[in-house]
Amino acid sequence: TQCISGCVCPAGLVLDGNGGCTPEEECPCIHNEVTYLPGEKINVDCNTCVCKNRKWECTEDECLGTCAIYGDGHYNTFDDKRFSFNGNCEYTLVQDHCGTTNGTFRVVTENIPCGNTGTTCSKSIKVFLESYELILGEEHVSVIKRGQNDEVPYTLRYMGMYIVIETTSGLILMWDKKTSMFIKLSPDFKGQICGLCGNYDGNGINDFTTRSQSVVQNVLEFGNSWKVSSTCPDAYSIKDPCSTNPYRKSWSEKQCSIINSNVFAACHSQVEPAKYYQACVTDACACDTGGDCDCFCTAVAAYAQACSEVGVCIAWRTPSICPLFCDYYN
């Protein structure tokens, strides 16, 4: 039906954007700049949304919480608090051994230097589950069993470039065997955990809770409290790597600009790119002893993963930008 009188539709019809009129219930919905017809469905995290009367009607299931650790000590807690912390030691990322609570799991990361500027990267992971200890390294996974419990409380598999551990209690760990890790937790653990990933209570303000259960403001005080060994030196503030390595700054900014480019345009409205871009520049400057893939590529992959979490899948890798060799991974 064509619109009349200067594009005014008859009663019961609305403009379709192309100079015509259409019944309201036949109007499409838009998600990430893509148009969907009535009745079409999309998945957003763990929920399903259906287009109806120009609006999305979504299920309201509680989804898994996610803590992301990537690159040069960048953290995004379960309650979405972002911070950077560098320390050359083993640190507790997440555990449910908090206060007087008897816990069932603990995830520990070992950080080692990955440049000459004092930066550190996660290179080894330990997962403690009941009577099992899993040690994840770049080349292999070791399992140490203590006790007589015959029931294995986890499954381990390889998914593309990731090692994935899924426990029967509701913990999922994904590690790229280099510098990126994603920890997912069942909502059943809300408010019952502690560590560098925060307390998962829905409030990012109190995420800097130390091992002694004190809420602090200083990231160094918070981070240092989660050292596994008290004999490790405390972490300290380090100089901006791009100031230390000014010859890498322009290269880093040019490489990392892909995050702000049209390649990720569909994601920009869903996940703010600014902090991921800045983390990318910092990391690319810091990797001054080689290993650009471990730094630049990891930082971009972290943004791509955040986009994927909200249902925006970006094909950003090319033969010249952080390629993955399919034959090897298959």
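Reader: Why does Glu 62 count as exposed?

Author: Exposed means over 50% relative accessible area, buried means under 20%, and partly exposed lies in between (1.4 Å probe, protein chains only). Glu 62 has 57% relative accessibility, so it passes the exposed cut-off. This is a predicted model, where local features need pLDDT of at least 70, side-chain atom pairs need pLDDT 80 or more, and totals for chains, interfaces and linings use all residues. Numbering runs from 1 along each chain as its sequence is written, and side-chain values use heavy atoms, without hydrogens or water.

Reader: What makes Lys 190 partly exposed?

Author: Its relative accessible area is 39%. That value falls between the two cut-offs, so the middle label applies.

Reader: How do you know that Lys 190 and Glu 62 meet in a salt bridge?

Author: A salt bridge needs a side-chain nitrogen of Lys or Arg within 4 Å of a carboxyl oxygen of Asp or Glu. Here the N to O distance is 3.1 Å, so the pair qualifies. The structure holds 5 salt bridges.

Reader: Why does this pair tie together parts that are apart in sequence?

Author: Look at the loops. Lys 190 lies between E19 and helix H1 (219–224), and Glu 62 lies between strand E7 (55–58) and E8, so the bridge ties parts 128 residues apart. These elements are DSSP runs, numbered from the N terminus: helices (H or I) have at least four residues, strands (E) at least two.

Reader: Is Lys 227 buried or exposed?

Author: Buried. Its relative accessibility is 11%, which is under the 20% limit. Its salt-bridge partner is Asp 234, with the closest N and O atoms 2.7 Å apart. Asp 234 is partly exposed, at 49%.

Reader: What makes E5 and E6 a pair of strands?

Author: Two strands pair if DSSP finds at least two bridges between them. Strand E5 (residues 41–44) and strand E6 (residues 47–52) have 4, in the antiparallel sense, so they pass. Asn 43 stands opposite Thr 48 in E6. The two strands form a hairpin with 2 residues between them, and Asp 45 in the turn has a positive phi of about 55°.

Reader: Which residues have the most contacts inside the largest nonpolar core?

Author: Leu 173 and Ile 183, in a core of 40 residues. Such a core is a set of buried Ala, Val, Leu, Ile, Met, Phe, Trp, Tyr and Cys residues, joined through side-chain atoms within 4.5 Å. Strands that give two or more residues to it include E8 (65–70) and E19 (180–185). Apart from it lies another core, of 29 residues, with Phe 296 among them.
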